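Please take a moment to look over the sequence and the model before reading on, and keep both in view while you follow the paragraphs below.

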Amino acid sequence: MSRKKDRRRKNFTIFLANGKTLHFTNVQKIEDRRDDDNNPYCVVSYFDKRINKQRTAYFQLTNDSVIGYAVDK
């Protein structure tokens, strides 16, 4: 991956109710969506360096364990 491509990628953090955080680096795309019941959820597309593959994570934002998220550009 070139350095120029890497600069365009974002960092993404999910804040959990238990005080822990989930950090994602190399985030390529973040989407806010709604399911069939109109509940909001977040889709995070990122490159996982540990397994050397593109991955997608889904977080339901109305879940009691997820209290928020932050995007670092």
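In which strand does Asp48 lie? Before taking up that residue, it helps to know that the model shown here is a predicted one, and that Asp48 belongs to strand β3, which covers residues 40-48. This strand will serve as a guide through the structure, and a short survey of the whole chain comes before the details.

The protein chain has a secondary structure of one helix and five strands, and when the elements are read from the N terminus on, they follow the order α-β-β-β-β-β. Of the 73 residues in the protein chain, 26% are buried. Among the contacts in the protein chain with a separation of 6 or more, 31% are between residues 24 or more positions apart.

How are the strands arranged? In general, the strands of a sheet pair through backbone hydrogen bonds, and the pairing can be either parallel or antiparallel. Here, five strands form an open sheet in the order β4-β3-β2-β1-β5, and their pairing is antiparallel. The edge strands are β4 and β5, the latter made of residues 66-72, and each of them pairs on one side only. If direction is ignored, neighbouring strands of this sheet are turned against each other by 40° on average.

Returning to β3, we can look at its two partners in turn. On one side, β2 and β3 run antiparallel and are joined by seven bridges; in this pairing, Val27 stands opposite Tyr46 of β3, while the bridge partner of Ile30 in β3 is Val44. The hairpin of β2 and β3 has five residues between the strands, and in this hairpin Asn38 takes a positive phi near 70°. On the other side, β3 pairs with β4 over eight bridges, again in the antiparallel sense, and there the bridge partner of Tyr41 is Gln60 in β4. The hairpin of β3 and β4 has four residues between the strands, and in this one Asn52 takes a positive phi near 60°.

Strand β3 is also mostly covered, with seven of its nine residues buried. This leads to the question of which residues make up the largest nonpolar core. In soluble globular proteins, nonpolar side chains tend to be buried together. In this model, the largest nonpolar core has eleven residues in all, among them Phe12, Ile14, Phe24, Val27, Cys42, Val44, Tyr46 and Phe59. The strands β1 (10-16), β2 (21-34), β3 and β4 (53-60) each supply at least two residues of this core. Val27, one of the core residues, shows how such a residue is surrounded: if its neighbours within four places in sequence are left aside, Val27 is in contact with Arg9, Lys10, Phe12, Val44, Ser45 and Tyr46.

We can now come back to Asp48 and ask whether this residue is buried or exposed. Asp48 counts as buried because its relative accessible area is 7%, and the cut-off for that word is under 20%. Its side chain has a polar atom that lies 3.0 Å from the backbone nitrogen of Arg50. When residues up to four places away in sequence are not counted, Asp48 touches Lys53 and Arg55. With Arg55, Asp48 forms a salt bridge in which the closest N and O atoms are 3.2 Å apart. Arg55 itself counts as partly exposed, because its relative accessible area is 34%, so this salt bridge joins a buried residue to a partly exposed one.

Which residues do salt bridges with shared partners join into one network? That network is made of Lys29, Glu31 and Arg33. Side chains of opposite charge can pair when their charged atoms come close. Glu31 takes part in a salt bridge with Lys29, where the closest N and O atoms are 3.5 Å apart, and the side chains of Glu31 and Arg33 meet in another, at 3.1 Å from N to O. Glu31 counts as partly exposed because its relative accessibility is 22%; Lys29, at 45%, is also partly exposed, and so is Arg33, at 34%. The structure holds four salt bridges, and those described here are among them.

Methods: Residues are numbered from 1 along each chain as its sequence is written. This is a predicted model: local features need pLDDT of at least 70, side-chain atom pairs count only at pLDDT 80 or more; totals for chains, interfaces and linings use all residues. Side-chain values use heavy atoms; hydrogens and water are left out. Buried means under 20% relative accessible area, exposed over 50%, partly exposed in between (1.4 Å probe, protein chains only). A polar contact is a pair of N or O atoms within 3.5 Å; within protein, one must be able to donate a hydrogen and the other to accept it, and residues adjacent in sequence count only if both atoms are side-chain atoms. Contact means heavy atoms within 4.5 Å. A nonpolar core is a set of buried Ala, Val, Leu, Ile, Met, Phe, Trp, Tyr and Cys residues joined through side-chain atoms within 4.5 Å. Two strands pair if DSSP finds at least two bridges between them. Axes are lines fitted to C-alpha atoms, for helices over the stretch in contact, and angles run from 0 to 180 degrees between N-to-C directions.
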